[in-house]
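Trainee: Could we walk through this protein together, one question at a time?
Mentor: Happily, let us put it on the screen and begin.
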Amino acid sequence: MKSDPQIKLWHCDNARSLRPLWAMEEMGIPYELEVLPFPPRFFQKEFLEVNPLGTVPYFTDGDARMTESSGICHYLVERYGKSEFGIAADHAEYADYLNWMYHSDATLTFPQTLYIRYMFLEPDERKNPGVAEDYAKWFIARTKLLTQHLEGREFLCDGRFTIADIAVGYALYLGKVNGFAERYSGNITRYLSSLEARPAFKRSLALTANRNVKSLL
Ligand SMILES: N[C@@H](CCC(=O)N[C@@H](CS)C(=O)NCC(=O)O)C(=O)O
């Protein structure tokens, strides 16, 4: 986005860094974006000097340094006073909100990273479609809570769009990129379509389109 950003975000196409990127687009917070080929620890080794983990997102804001995609979204809400995208601690749905924020990565994204690893990233002799499919099944089984929760709801919390929708929506989008969309429930398909239609989400995807960088998938 525009002038003099304090924030810098390191990002790869379709990676979890899409969460904070999408959040900043929704919130209108200026940032500098560095797009890396995936995985950066192979294709942009100097990135390891910035983030020894070699993972994206990597996020800086002045002296602040962060590596967790859902945590960065939470930071943006609190640090930049964007309460319309969060849920306050005294709100009746605060526990739900935090649960979805953590569920988004620990439960809904983690099994997909193992799928990607054993399906695509390992050298041929270590690829293991059987193990990959086990993690695909694990991921789909873990969407049950979400399917139930979305019955009669457009958003996860308080009847409005929050960063919980960004955090969980990214995991569902990644599942679609991985080819799991046909296994989604009707509620999840409807919910993901409405998130994908958001202009800020589309802008975030467009930032890496046609850049000819190696993508997560
Ligand atoms: N829990 C972290 C995970 C970050 C992460 O593992 N990112 C992946 C991309 S989605 C990555 O950079 N992988 C590159 C690698 O493992 O070398 C988060 O939520 O941001």
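The questions below go from the domains to the helices, the sheet and the ligand.

Trainee: Which residues belong to domain 2 in the domain assignment?
Mentor: Keep in mind that this is a predicted model. The assignment gives the chain two domains, and domain 1 is written in two pieces, 7–85 + 202–206. The other one, domain 2, is 94–198.

Trainee: How many residues does domain 2 bring to the contact with domain 1?
Mentor: The centres of the two domains, taken over C-alpha atoms, are separated by 19 Å. Domain 1 puts twelve residues into the contact. From domain 2, the number is eleven.

Trainee: Which helix supplies the largest share of the side of domain 1 that touches domain 2?
Mentor: Two helices, α1 (18–27) and α4, each give at least two residues to that side. By class, that side has six nonpolar, four polar and two charged residues. The largest share is five residues, and the helix that supplies it is α4.

Trainee: Is α4 roughly parallel or roughly antiparallel to α5?
Mentor: A good way in is general: two packed helices are described by the angle and the distance between their axes. Here the axes of α4 (residues 69–79) and α5 (residues 94–106) come within 9 Å and cross at roughly 150°. Because angles over 145 degrees count as roughly antiparallel, α4 and α5 are roughly antiparallel.

Trainee: Which residues of α5 make the contact with α4?
Mentor: The residues of this contact divide into one nonpolar, four polar and one charged. On the α4 side we find S69, S70 and H74. On the α5 side they are M101, S104 and D105.

Trainee: Which strands are at the edges of the open sheet?
Mentor: Four strands form the sheet, with mixed pairing, in the order β2-β1-β3-β4. From one strand to the next, the twist averages 15°. An edge strand pairs on one side only, and those strands are β2 (31–35) and β4 (64–66).

Trainee: Which residue of β4 stands opposite F59?
Mentor: Strand β3 (residues 58–61) and β4 run antiparallel, joined by three bridges. Opposite F59, in β4, stands M66.

Trainee: How many residues of the shell around the ligand are charged?
Mentor: Around the ligand are residues including A15, P39, G54 and T55. Also among them are R16, R41, E68 and D105. Sorted by class, the shell has four nonpolar and four polar residues, and the number of charged ones is four.

Notes:
Residues numbered from 1 in each chain as written. Predicted model: local features only at pLDDT ≥ 70, side-chain atom pairs only at ≥ 80, totals over all residues. Near = placed C-beta within 6 Å. Nonpolar A, V, L, I, M, F, W, Y, C, P; charged D, E, K, R; others polar. Axes fitted to C-alpha atoms, helices over the stretch in contact; angles between N-to-C directions. Parallel < 35°, antiparallel > 145°, perpendicular 65-115°, else oblique. Contact = placed C-beta atoms within 7 Å. Domains from an automatic or database assignment. Pairing = 2+ DSSP bridges.
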